[in-house]
Amino acid sequence: MEAVGKSVCVTGAGGFIASWLVKLLLCRGQYKVRGTVRDPGASKNAHLKVLEGAGERLQLVKADLLDYSSVASAIAGCEGVFHVASPVPSGRSSNPEVEVIGPAVTGTTNVLKACYEAKVGRVVVVSSCAAVYANPNYPKGKVFDEDCWSDEAYCRKNEDWYFVSKTLAEREAFAYAAKTGLDVVTICPSLVFGPLMQPTVNSSSKIILKYFTGDRETVENILRNMVDVRDVADALLLAYEKPEASGRYICSSHAIKVADMINILKTLYPSYPYPKNFVEDDDNSVYSSEKLQKLGWSFKPIEESLRDTVESYKAFGILN
Ligand SMILES: NC(=O)c1ccc[n+]([C@@H]2O[C@H](COP(=O)([O-])OP(=O)(O)OC[C@H]3O[C@@H](n4cnc5c(N)ncnc54)[C@H](OP(=O)(O)O)[C@@H]3O)[C@@H](O)[C@H]2O)c1
């Protein structure tokens with residue numbers, strides 16, 4: 001590897017969000033990127049190897065979040081770490097402690113411990129709005145900001161294991177930072193959509209794809225808080241590069257009713273069999289990204305994001 005710039009590590013480099021972050025870091029020119037993947041030879045990670053700058057500045061290393069020594073050797077020598085990897089299940093898990101909560105929480109602890117040992121300057125942890133809004137005590141109608149935390153007991157009662165995993169992992173991250181002085185910043189994206197880089201369809205993209213398949217004539221007209229994956233990558237880099245960044249940041253750009261989103265899609269791509277009927281829903285929760293915007297973050301118009309999303313699904317042969 002050529003000796004240029006800062007070395008940074010991205011965990012779970014082949015995933016939906018991490019792939020865009022790796023691309024952004026390589027585009028910047030000044031970063032050497034070490035991406036952790038569980039299987040460096042797998043075809044699902046091949047898209048990373050052909051990125052511009054990858055030959056000179058991207059190294060893919062094998063690491064499992066639950067294997068501390070693999071995590072520690074991936075992070076050793078890095079000045080910055082983006083901890084993106086975490087299980088994002090599509091359906092109900094039969095063994096949530098082992099499949100979802102364990103890797104998220106122990107994985108985060110392992111990453112942070114390795115960062116502390118390696119004297120990493122800053123760790124940016126990808127949390128989620130799942131760690132923000134699932135709280136029955138939050139006043140109805142009040143905009144969600146960074147002060148709101150999901151309630152673990154409530155999430156457990158509802159068997160929202162992913163929510164439990166993200167809430168505990170983020171809490172653990174800040175507890176570790178308080179104990180050791182490690183500089184930890186978290187980003188909490190809402191539903192992430194946008195063009196795919198990886199050949200497999202990740203869980204949040206599956207939610208969007210369902211609107212195109214024609215198998216659901218009737219859907220709930222919920223207010224979706226959404227953010228383009230490329231804007232999430234920008235937020236992660238901003239949180240790393242801005243010295244004044246601290247604490248957690250909600251990262252959400254559009255609050256849009258499903259029916260309104262379908263109307264935009266119909267205008268852009270009229271021929272797909274979109275849902276026809278909408279059942280009204282009174283949960284109109286909105287998340288504020290004001291803190292992130294004050295740090296300098298901006299986002300794409302939703303029309304552009306939806307168009308690029310559909311074009312990418314077409315390019316991958318997922319849609320006609
Ligand atoms: N997409 C969203 O709407 C959304 C919203 C808010 C927050 N987030 C957060 O964003 C992050 C990335 O999510 P994504 O949407 O990009 O999902 P994704 O494409 O499924 O990526 C998840 C990544 O985590 C890795 N991973 C899971 N368990 C692991 C383990 N035990 N050891 C090592 N790596 C492991 C996966 O690696 P393999 O490829 O080896 O399985 C994969 O690369 C997650 O922390 C998620 O909670 C996502």
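**Exercise 1.** Find how the axes of H1 and H9 (residues 229–241) are placed, and decide which orientation word fits the pair.

*Solution.* Begin with the axes, which are lines fitted to C-alpha atoms, for helices over the stretch in contact, with angles running from 0 to 180 degrees between N-to-C directions. The axes of H1 and H9 come within 9 Å, crossing at roughly 60°. Angles under 35 degrees count as roughly parallel, over 145 as roughly antiparallel, 65 to 115 as roughly perpendicular and the rest as oblique. H1 is therefore oblique to H9.

Next comes the handedness: H1 passes H9 in a right-handed crossing. A crossing is right-handed if the near helix is turned clockwise from the far one, and left-handed if anticlockwise by less than a right angle.

Now the residues. Phe-16, Ile-17, Trp-20, Leu-21 and Leu-24 of H1 meet Val-229, Arg-230, Val-232, Ala-233, Leu-236 and Leu-237 of H9. Contact here asks for C-beta atoms, placed from the backbone, within 7 Å. This contact has ten nonpolar residues, no polar ones and one charged. In this scheme Ala, Val, Leu, Ile, Met, Phe, Trp, Tyr, Cys and Pro are nonpolar, Asp, Glu, Lys and Arg are charged, and the others, Gly among them, are polar.

A word on the source: this is a predicted model, where local features need pLDDT of at least 70, side-chain atom pairs count only at pLDDT 80 or more, and totals for chains, interfaces and linings use all residues. Residues are numbered from 1 along each chain as its sequence is written.

**Exercise 2.** Work out how H5 packs against H7 (residues 161–180).

*Solution.* The axes of H5 and H7 lie 9 Å apart, at an angle of about 20°. The two helices are therefore roughly parallel to each other. Their crossing is right-handed. Among the residues making the contact are Val-100, Ile-101 and Leu-112 of H5, together with Trp-161, Leu-168 and Tyr-176 of H7. Sorted by class, the contact of H5 with H7 has 14 nonpolar, four polar and two charged residues.

**Exercise 3.** Do the same for H5 and H4 (residues 68–75).

*Solution.* Here the axes come within 9 Å and cross at roughly 45°. H4 and H5 are therefore oblique to each other, and their crossing is right-handed. On the H4 side, look for Tyr-68, Val-71, Ala-72 and Ile-75; they meet Asn-110, Val-111, Ala-114, Cys-115 and Glu-117 in H5. The classes come to seven nonpolar, one polar and one charged.

**Exercise 4.** Which elements each supply at least two residues of the shell around the ligand?

*Solution.* First, the shell: 26 residues surround the ligand, the closest being Gly-12, Gly-15, Phe-16, Ser-86 and Ser-204. A residue counts as near if its C-beta atom, placed from the backbone, lies within 6 Å of the molecule. Then the elements: H1 (16–28), H5 (96–117) and strand E7 (191–193) each supply at least two, and H1 gives the most, with three. Finally, the shell has 15 nonpolar, eight polar and three charged residues.

**Exercise 5.** How many helices and strands does the protein chain have?

*Solution.* There are twelve helices and twelve strands. These are DSSP runs numbered from the N terminus, helices being H or I with at least four residues and strands E with at least two.

Technical notes:
Contact = placed C-beta atoms within 7 Å.
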